[in-house]
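Where in a protein model is empty space left, and which residues surround it? Please look over the sequence and the structure below with that in mind.

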Amino acid sequence: MSAKTLDAIHSEVIACTKCRELRRYCAQVATEKKRAYRGLTYWGKPVPGFGDPNARVLLVGLAPGAHGSNRTGRPFTGDASGDFLYPALHRAGFANQATVSHADDGLQLHDTYITAALRCAPPQNKPTPSQLRKCFPYLVREVEALGRLRVVIGLGAIGTRAAIEALQAAGYSLSTKRWRFGHGAELTATKGKRVVTLISSFHPSRQNTNTGKLTRAMFDAIFTRAGELLAV
Ligand code: SF4
């Protein structure tokens, strides 16, 4: 059921044209290309989620990078953020390989699904509130489709905010009264007997990893905590 529903969402996402300015921008980037990738064909379309349809862990990022997943068509593939994320997932046992390069590189995620608040690369990596609103229903439907969900990891403040709102829109109760975004901050969401823990993390962008704001140990701690929650 999850797999079929997620496949249907993927098809809709790939064909989506709700943000015309983003579609134009992504297509333009895909045509002009970065010098280093001149010989390659860019994906250039909205980037659907990726991973295990039976996942208990959901990662919510910000948006595709113009020359990262807008080029490769898979979240966090082909840019510095992915080069930091996938080795961490591999160390924690959530991915079968640490190195990723393109959509057919053999990567498989175990018990993990990756998506984003926005599925088209925005200029300067800065989505507008209107673009986030238009893309939001896809995230809600992914949350609903993941029937075994136990842990949601928000990557960065925007990804985390989208994840919280998607849980609420999907019928989960949670309170953000005393909660503030921070690395490792947690929230508990409930829906009947189901309990989902949201963990927020700094985004693995080059800006954070190059400055030491997010270290390998800090990032590993997020996935160790996710593993602990799954083991309960
Ligand atoms: S950002 Fe989302 S809503 Fe906007 S065009 Fe892309 S897929 Fe559609």
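This report describes two pockets of a predicted model, beginning with the largest pocket.

## The largest pocket

The largest pocket has a volume of about 940 Å³, and its lining is made up of 43 residues. Those that lie nearest the centre of this pocket are Asp-79, Ser-81, Asn-125, His-203 and Ser-205.

Several named elements take part in this lining: α4 (80-91), β3 (112-116), α6 (156-169) and α7 (206-209) each contribute at least two residues. Among the contributions to the lining of the largest pocket, α6 has the largest share, with four residues. In character, the lining of the largest pocket consists of 19 nonpolar, 17 polar and seven charged residues.

## The second largest pocket

For the second largest pocket, the volume is about 170 Å³. Its lining is formed by Ala-117, Pro-129, Leu-132, Arg-133, Phe-136, Leu-139, Ile-158, Arg-161, Ala-162 and Glu-165.

At least two of these lining residues come from each of α5 (129-145) and α6, and the largest share, five residues, is supplied by α5. When the lining of the second largest pocket is sorted by character, seven residues are nonpolar and three are charged, while no polar residue is found there.

## The two linings side by side

Helix α6 supplies at least two residues to the lining of the largest pocket, and α6 also supplies at least two to that of the second largest pocket. Polar residues number 17 in the lining of the largest pocket, whereas the lining of the second largest pocket has no polar residues.

Key:
Residues numbered from 1 in each chain as written. Predicted model: local features only at pLDDT ≥ 70, side-chain atom pairs only at ≥ 80, totals over all residues. Heavy atoms only, no water. 1 Å grid on protein atoms, 1.4 Å probe; cavity = no way out; pocket = protein on both sides within 12 Å on 5 of 7 lines; lining within 4 Å. Points joined across faces, edges and corners; volume = space filled by probe spheres on them. Nonpolar A, V, L, I, M, F, W, Y, C, P; charged D, E, K, R; others polar.
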